[in-house]
Amino acid sequence: MTDRELIDEVTGRGYAVISTPVIADDPFEAHRRVAQSLGLPDAYTPLLYKDAEVRSAVSQVGPYNEIPRDTTSVQPWSEMPGQSFHVDGLLEPLGGIKTTLLHCLNQAHSGGETELFFSCDAFRQLLASDEDAAQSLLHPKALTRFATISESTPTRLHATGPAFGWVDATLTTRFSDGPTEHWNTSENPDLQRALDYLRGPARETHRVQVRLAPGEMLIFRNDRVSHRGCTYQNGAHPRRLTRSMYSSAPRHNSPHS
Ligand SMILES: [Fe+2]
């Protein structure tokens with residue numbers, strides 16, 4: 001696949017999976033090479049990692065992360081819980097992180113898929129069937145996300161905003177729905193109907209699971225797609241992924257690239 005075809009696939013479908021070798025000396029070199037071929041800028045450090053207290057609590061606070069952060073205490077054959085759907089960038093406004101790369105170094109013994117939820121497609125469908133419910137997701141106080149690594153307060157480590165909206169004329173999402181989220185349904189009664197749809201019927205038709213093999217990389221549009229890591233069991237060696245994030249979407253470097 002050429003760079004142009006790859007960019008078109010990520011732009012059109014919201015994600016793509018490629019094979020790119022793991023470079024033993026530097027597990028993030030593959031990210032730099034792929035980012036360059038996608039026309040992405042330097043990797044982006046999320047706002048959460050710029051907080052002094054979070055920086056002291058978490059060892060990895062740059063734009064490149066290992067998942068899990070520390071594998072030294074992971075027991076062989078241990079089970080790991082799944083995540084809730086989210087977009088990367090807990091404190092970012094809509095569209096703050098547009099692209100995420102996930103590279104598989106070691107696969108889980110079983111499970112460990114990345115599940116993508118095409119939340120913008122689901123939103124469009126809701127807009128056609130229940131406009132009031134869809135509009136409630138655009139409310140500027142619809143969704144609050146807050147940190148649990150360090151204590152959040154109304155003035156720090158939390159971010160309130162719309163769950164969907166248009167950024168640069170592109171429908172954009174920060175749909176996330178787990179232990180770090182609060183939905184403001186009390187001031188916004190149509191929102192509960194929207195949530196019932198997004199948590200129920202929408203999940204049946206707007207999702208796909210990707211199980212990365214070692215050396216495979218998932219590229220997805222974090223501003224258009226929500227995602228979660230599924231439950232897994234480690235093998236004799238821990239499952240390991242690397243991640244990087246970018247504030248821009250893939251784009252062609254030149255008209256002829
Ligand atoms: Fe994530």
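Which residue in E13 is the bridge partner of histidine 103? In this predicted model, the partner is methionine 217. The pair belongs to a sheet, and the sheet is described below before the helices that pack on it.

The sheet is open and has five strands. Their order is E1-E13-E4-E16-E2, and the pairing is antiparallel. Strands of a sheet pair through backbone hydrogen bonds, either parallel or antiparallel. Strand E1 (15-19) and strand E2 (64-67) are the edge strands. Each of them pairs on one side only. From one strand to the next, the twist averages 20°.

The pairings can be followed across the sheet. E1 is joined to E13 by five bridges, in the antiparallel sense. Here valine 17 stands opposite leucine 218 in E13. E4 and E13 also run antiparallel, with five bridges between them. Histidine 103 and methionine 217 in E13 are bridge partners, as noted at the outset. Strand E4 (residues 99-106) pairs with strand E16 (residues 240-246) over seven bridges, again antiparallel. Within E16, leucine 241 is the bridge partner of cysteine 104.

Two helices meet this sheet. Helix H1 (residues 3-13) packs on the sheet and touches E1 and strand E13 (216-221). The direction of H1 makes about 145° with that of E1. Helix H2 (residues 29-37) lies across E2, E4, E13 and E16. H2 runs at about 145° to E4. E13 is mostly covered. Five of the six residues of E13 are buried.

Burial also marks out one side of another helix. In helix H4 (residues 119-129), the buried residues include Ser119, Cys120, Ala122, Phe123 and Leu126. Seen down the axis of H4, the buried residues fall within an arc of 155°, so they line one face of the helix. Ala128 and Ser129 lie on the other side of H4 and are exposed.

A further pair of strands forms a hairpin. Strand E9 (residues 164-167) and strand E10 (residues 170-173) run antiparallel and are joined by four bridges. Valine 167 stands opposite threonine 170 in E10. Two residues lie between E9 and E10 in this hairpin. One of the residues in the turn is aspartate 168, with a positive phi of about 50°.

How values were computed:
Residues numbered from 1 in each chain as written. Predicted model: local features only at pLDDT ≥ 70, side-chain atom pairs only at ≥ 80, totals over all residues. Pairing = 2+ DSSP bridges. Axes fitted to C-alpha atoms, helices over the stretch in contact; angles between N-to-C directions. Contact = placed C-beta atoms within 7 Å. Buried ≥ 20, exposed ≤ 12 C-beta atoms within 10 Å, placed from the backbone. Arc of directions from axis to C-beta.
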